Amino acid sequence: MTSAPTAPTVTDTKVLRDALGLLKDREQVAERLLDSSAKHSFDPDTELDWDAPLEEGKWFWPPELVSLYDTPLWKKMSLEQQQDLARHEAASLASLGIWFEIILMQLLVRHIYDKPVTSAHVRYALTEIADECRHSKMFARMIQHGGAPAYPVSRLNHNLARILKTVSTTPGSFACTLLGEEILDWMQRLTFPDERVQSLVRGVTRIHVVEEARHVRYAREELRRQMVTAPRWERELTRLSCGEAARVFSVAFVNPQVYSNVGLDRREAVAQVKASGHRREVMQSGARRLTDFLDEIGVLRGVGRRLWRRSGLLA
């Protein structure tokens, strides 16, 4: 009795190297990520207690990560108003996360459209898309549970993203993916162990941190590969589009409507956030691991680097 033929293994045909060293085989990376997904994936609908009441006196976001923290306006606010601002900013960030993940899912589908459908690389992309679907639903439930409104990005940024997800090349897609994932990941790593924060929010951020670690690894490995193999014009376009994405991301990070919704003067609040040394340090600290990586692999050059500086995310 003859055995059924096995599918050919999809492996890299040449050794690739960049400033960080040898690139790992794409299929081996994907297989490890698939193994990790099988062991450490969560269903937020059953993992989290959505029926538990909110905890009195607890924050929805660590106060040090709230945009107005340590500004003159913050020092004038009552504790209740500070915590209310944190609640609205958590809803704003969750709304931004949903917007971003919907874009990411479309970029991932485009990335695998021409790839071998039986490859581990494609299977992991589909696994990540499933993760992002769960994350988006989880963020939406968290917004509703907290009682704050959803905060969509501006119409301009919404339509700029429509253009990005339609015309973005592969390296540009993965560079923008890391921009959206790594800064929020840094903040969430500070949030889920913080006992001052609502238990539900801590649970949401814990799930997101565990699963996003795989997404970051996948995107980093693929961006390294693309920056080695892509033609020069595509690498230059990636530097430019990534810099512009950083500028848009920094502007859209907190919807200014949150200030009006907690009874603050919107213009004064926005001005104080822009002038805040603490806020600048928070954002640059959140981006530092990413900007160091992008610098090493050659993304932060030329006009793109200047755009990153203008965004305030790069010192």
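Analyst: Before we begin, a pocket is an open set of grid points with protein on both sides within 12 Å along at least five of seven lines, and a residue lines it when one of its atoms is within 4 Å of a point. Please also keep in mind that the structure above is a predicted model.

User: Let me start with the whole chain: how many helices and strands does its secondary structure come to?

Analyst: The secondary structure comes to 13 helices and two strands.

User: How should I read the radius of gyration of the chain, and what would a compact globule with 315 residues have?

Analyst: The idea is to set the value of the chain beside the one expected from a rule for globules, which depends on the number of residues. A compact globule with 315 residues would have a radius of gyration near 20 Å, and because the chain has 21 Å, the two agree. As for its extent, the C-alpha trace spans about 75 × 50 × 30 Å along its principal axes.

User: Now to the pockets: what volume does the largest pocket have, and which helices each supply at least two residues of its lining?

Analyst: The largest pocket has a volume of about 560 Å³. Its lining is made up of 17 residues, and the closest to the centre are Ser250, Val251, Val273, Lys274 and Arg279. At least two lining residues come from each of helix 9 (232-252), helix 11 (266-275) and helix 12 (277-296). When you sort this lining by class, you find nine nonpolar, five polar and three charged residues.

User: And for the second largest pocket, which residues lie nearest its centre, and which helix gives the most to its lining?

Analyst: This second largest pocket has a volume of about 440 Å³, and among its 22 lining residues Leu160, Leu164, Cys176, Ser241 and Ala245 lie nearest the centre. Helix 9 gives the most to the lining, with seven residues, while helix 4, helix 6 (155-167), helix 7 and helix 9 each supply at least two. Its lining divides into 16 nonpolar residues, five polar ones and one charged.

User: How is a cavity to be read, and how many of 30 Å³ or more does the count come to?

Analyst: A cavity, in contrast to an open pocket, is a set of points where a 1.4 Å probe fits but cannot get out. The count here comes to five cavities of 30 Å³ or more, and the largest of them has a volume of about 100 Å³. Residues that line this largest cavity include Trp61, Phe139, Met142, Leu184 and His208. Helix 8 contributes the largest share of that lining, four residues, and the lining as a whole has nine nonpolar, three polar and no charged residues.

User: Which residues line the second largest cavity, and how do they sort by class?

Analyst: The second largest cavity holds about 60 Å³ of space, and it is lined by Lys24, Arg26, Val29, Ala30, His121, Tyr218, Glu221, Glu222 and Arg225. By class, five of these residues are charged, three are nonpolar and one is polar. Helix 8 again gives the most, with four residues, and helix 1 is the other element named as supplying at least two.

User: Helix 1 brings me to helix packing: at what angle do the axes of helix 1 and helix 5 cross, and is the crossing left-handed or right-handed?

Analyst: To read such a pair, you look at how the axes approach and then at the residues that meet. The axes of helix 1 (residues 26-39) and helix 5 (residues 120-146) come within 8 Å and cross at roughly 40°, and the crossing is left-handed. From helix 1, Arg26, Glu27, Ala30, Glu31, Leu33, Leu34 and Ser37 meet Ala120, His121, Arg123, Tyr124 and Thr127 of helix 5. By class, this contact has five nonpolar, three polar and four charged residues. Notice that Arg26, Ala30 and His121 take part in this contact and also line the second largest cavity.

How values were computed
Residues numbered from 1 in each chain as written. Predicted model: local features only at pLDDT ≥ 70, side-chain atom pairs only at ≥ 80, totals over all residues. Heavy atoms only, no water. Axes fitted to C-alpha atoms, helices over the stretch in contact; angles between N-to-C directions. Left-handed = near helix turned anticlockwise from the far one by under 90°. Contact = heavy atoms within 4.5 Å. Nonpolar A, V, L, I, M, F, W, Y, C, P; charged D, E, K, R; others polar. 1 Å grid on protein atoms, 1.4 Å probe; cavity = no way out; pocket = protein on both sides within 12 Å on 5 of 7 lines; lining within 4 Å. Points joined across faces, edges and corners; volume = space filled by probe spheres on them. Rg over C-alpha atoms; globule rule 2.2 N^0.38 Å.
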